[in-house]
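Me: Hi! I've got a structure open and would like to talk through a few spots in it. Can you help me out?

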Amino acid sequence: MTLESGGSYAAIEEGDGGLRSEKQVSGRDSITLNLNLNQKSVAGQVLTFRGEAQLKWEVEFSRREVTSGSGGSSNRHEFGKHRSAKTLSRPATLTLDLGRGTYALIIEAQEQLIVPYNVTTSTYIPGDRLNTRVTGTPNPAPVFTRVLNSITIKNQGADLLEWGPSYPLAVEATLDAAAMGMPSLDGRPFALPAQGNTIRGQRTLPLRLQLFDQVFSPNLTKAWTLTADPKPMKLEVEIPGHREWMPEAGGPTGAAGNTINLRARVLNEDGSPSQITPEKVEFKLINTSREPGAAINAPLESPRLDPDLQFSPAQNPKGVMADQGQSITFDLATAGPVTTAVLTSYDFGGFTTVEVRAILPGGQELTGQLKTGEPDILIPHRQPGSRIATAFAATGGDLDDDESVDGNAYRGDGLSRYEEYRGLFAKGAHRRLDPKTKEIAVNNRTGTYQEAQAIFKTASGVDVVEVNDPELKDRQLNFNSEEGQVVKQFGLVMQFVDTPIAPGVIGHTVFRNGHDEANRWPANVLRIDVTRNAVDDPVGMVVDTIAHELAHACGAEHHGPEFPGESPHVLTPLDRLLNADGSPYANRPTELKSTINIPGGLSSGDPQCLMAYPKGSWVARRNSEGGWNFTRALEPQVRRVRLCRSTAATGYNTLPHNCGDASSGNCFGMIRLRP
């Protein structure tokens with residue numbers, strides 16, 4: 001059988017001065033079909049014949065341009081004809097259902113034939129009145145692609161007559177070719193579409209089909225697609241400020257925060273603008289983070305667990321959202337030459353991967369690629385496999401916790417690089433931490449003594465981050481952290497006490513399991529108690545002591561043991577009181593009430609170390625008689641502003657009558673913030 005169709009396609013342009021140009025493409029195509037079905041199978045009353053369909057496809061097109069002016073003059077210019085032919089062999093199946101009296105013939109013929117129009121340069125003058133010269137432009141690229149979608153033949157339920165089992169089976173078919181012509185509208189040539197580059201259509205008409213000596217009249221449906229064949233295209237995605245952007249929530253509860261724009265546009269492969277408008281553009285988020293809350297310590301209760309990055313209706317009123325804002329689609333009415341989707345952050349550490357695709361007229365699909373050429377669209381901009389934005393300027397792995405200070409062997413501060421990037425709320429304000437600096441959170445309920453915190457920071461190399469009560473949960477700092485947590489990290493709580501801790505004691509660090517070396521870090525510190533209204537005598541004593549307690553809470557220990565006797569110490573006949581030069585001390589009392597030091601004891605080593613106790617008035621050494629020699633030490637107390645790095649005595653402790661080297665030193669090297 002032979003299928004034929006024909007028709008014309010026109011586009012009309014209005015020019016200046018009444019110039020009217022009508023560009024037409026017209027032509028016909030035909031398909032000659034022969035069947036050779038030589039394989040037979042039987043299943044009950046259903047007979048199936050399989051074989052081959054041979055299709056010879058012939059296409060003939062011509063193009064012309066008719067130009068007319070306001071004065072009625074017109075010129076017709078032919079661009080010539082083009083003929084193409086292709087022979088196809090495709091599988092075919094004929095199914096006969098003798099019980100139901102039905103049959104179907106299906107030919108798999110999804111093929112395409114490209115019809116190029118190589119427009120040669122031509123010059124003509126439409127008329128003296130217009131006095132206009134028009135020059136055609138060579139167009140070597142194919143203009144139209146003819147696609148044969150399918151050929152399907154089905155009957156209308158007419159009864160089948162019986163026939164014998166012989167085969168191969170020959171099929172002959174005829175049809176009314178004129179009925180297959182493509183239509184015209186109001187007597188005018190079939191117009192090119194207003195949008196896109198594709199014309200689709202189909203026709204159904206009766207067919208005369210003879211199987212052996214039986215004649216049937218089924219319907220035949222022929223579908224076609226005529227598509228302008230553009231230059232190769234790409235979908236380019238541009239993200240303004242991509243490398244500088246970091247996600248931010250709209251507060252500690254995880255409200256909508258900052259946004260970033262994703263712009264997609266269809267371009268020709270060479271980067272020039274395309275005339276094609278997509279029918280649909282879709283942005284889809286893949287593997288979006290769902291960290292609890294908005295930061296590692298906020299909010300205290302009921303943290304949000306939704307995706308950290310979403311397309312919101314408020315920012316994208318023309319898009320259709322789905323899957324908790326993880327995808328957004330713009331249809332033909334809202335997808336333009338440039339389609340912009342706005343992505344909103346609900347967390348300070350959110351991350352995702354974006355897939356963008358555009359559906360063009362005719363069904364062609366384009367996958368978005370970054371304008372920068374990077375293979376994946378990562379939000380925020382980051383290294384593959386990382387959660388941390390490039391703008392954070394941190395190097396190393398997301399889970400690294402390796403801050404270091406020269407002279408201290410303990411690395412890290414209990415927070416991973418990702419946790420420090422995601423940040424925390426400190427006294428109500430969000431803050432990203434420094435992955436190169438050790439930091440400790442302190443809830444200073446006293447509201448004072450910031451000077452002590454500054455001294456500790458300078459002495460230890462550990463930055464103090466002040467937080468409020470709602471920003472620690474049972475002392476834990478990173479209670480809203482899942483993806484990046486390496487250990488549970490705790491902050492320090494410092495508070496006033498009204499009941500005296502002990503006579504003359506300004507501050508005291510309360511450990512959970514004792515303060516041996518195995519437990520000396522913040523996780524095991526219940527609190528730091530500070531005596532309210534402590535006497536600052538000499539000046540700086542209270543501030544230095546609080547800095548001393550902060551160092552205690554972070555691992556530092558005393559320089560040595562305390563005086564083993566009772567305080568106050570009642571003098572015995574075996575005890576001797578001496579001046580600094582070794583001469584007897586006059587005016588011997590019955591007891592010594594002031595602080596008594598011993599060599600290598602609490603006040604030994606570097607007297608400016610935070611962990612050295614304030615000096616007392618007497619230094620005690622055992623004498624040969626079994627008593628004590630108490631030497632008077634009247635040197636003035638110095639401010640404690642650093643952490644020592646050895647046991648060596650400095651300052652007044654180098655004097656013979658004073659405390660000498662420490663039994664335990666290098667307090668700087670003891671500072672430890674995590675297990």
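Me: How far apart should the ends of H3 be, given its 13 residues at 1.5 Å a residue?

Reply: This is a predicted model, and for H3 the expected span is 18 Å. Its end C-alpha atoms are 18 Å apart, so the two agree.

Me: Is H3 mostly covered or mostly open?

Reply: Mostly covered: 13 of the 13 residues in H3 are buried. For the chain as a whole, 48% of the 675 residues count as buried.

Me: What follows H3?

Reply: Gly555 does, and its phi is positive, near 110°.

Me: OK, and how do H2 and H3 pack?

Reply: H2 covers residues 450-460 and H3 covers residues 541-553. Their axes are 8 Å apart, at an angle of about 50°. That angle makes H2 oblique to H3, and the crossing is right-handed.

Me: Which residues meet there?

Reply: From H2 you have Glu451, Ala452, Gln453, Ile455 and Phe456. They meet Val543, Asp544, Ile546, Ala547, Leu550 and Ala551 of H3. By class, this contact between H2 and H3 has 8 nonpolar, 1 polar and 2 charged residues.

Me: Zooming out, how many helices and strands are in the chain?

Reply: The chain has 3 helices and 37 strands. If you take contacts between residues at least 6 apart in sequence, 68% of them join residues at least 24 apart.

Me: Back to the loop between H3 and E32: is Ser567 buried or exposed?

Reply: Ser567 sits in that loop, ahead of strand E32 (569-570). Ser567 is exposed, because its relative accessible area is 63%, and the cut-off for exposed is over 50%. In space, the C-alpha atoms of Ser567 and Thr595 are 7.9 Å apart, although 28 residues separate them in sequence.

Me: Different topic: where are cis peptide bonds found?

Reply: One joins Ala298 and Pro299, with omega about -5°. Pro299 is in the loop between strand E17 (280-286) and strand E18 (309-311). Another joins Ile379 and Pro380, where omega is also about -5°. Pro380 belongs to the loop between strand E24 (377-379) and helix H1 (417-422).

Me: And which residues have a positive phi without being glycine?

Reply: Gln324 is one of them, with a phi of about 55°. Tyr449 also has a positive phi, of about 65°.

Me: Why would those catch the eye?

Reply: Because most residues other than glycine have a negative phi.

Me: Where do Gln324 and Tyr449 sit?

Reply: Gln324 is in the loop between strand E19 (320-322) and strand E20 (327-330). At 42% relative accessibility, Gln324 counts as partly exposed. Tyr449 is in the loop between strand E27 (438-444) and H2.

Me: One more: what is Leu399 in contact with, leaving aside its neighbours within four places in sequence?

Reply: Leu399 is in contact with Arg387, Ser416, Glu483, Gly484 and Val486. Leu399 lies in the loop between E24 and H1, and its relative accessible area of 42% makes it partly exposed.

Me: How far is Leu399 from Leu415?

Reply: Their C-alpha atoms are separated by 8.5 Å, and the two residues are 16 residues apart along the chain.

Note on methods:
Residues are numbered from 1 along each chain as its sequence is written. This is a predicted model: local features need pLDDT of at least 70, side-chain atom pairs count only at pLDDT 80 or more; totals for chains, interfaces and linings use all residues. Side-chain values use heavy atoms; hydrogens and water are left out. Axes are lines fitted to C-alpha atoms, for helices over the stretch in contact, and angles run from 0 to 180 degrees between N-to-C directions. Helices (H or I, at least four residues) and strands (E, at least two) are DSSP runs, numbered from the N terminus. Angles under 35 degrees count as roughly parallel, over 145 as roughly antiparallel, 65 to 115 as roughly perpendicular and the rest as oblique. A crossing is left-handed if the near helix is turned anticlockwise from the far one by less than a right angle, and right-handed if clockwise. Contact means heavy atoms within 4.5 Å. Ala, Val, Leu, Ile, Met, Phe, Trp, Tyr, Cys and Pro count as nonpolar, Asp, Glu, Lys and Arg as charged, and the others, Gly among them, as polar. The expected span of a helix is 1.5 Å times one less than its number of residues. Buried means under 20% relative accessible area, exposed over 50%, partly exposed in between (1.4 Å probe, protein chains only).
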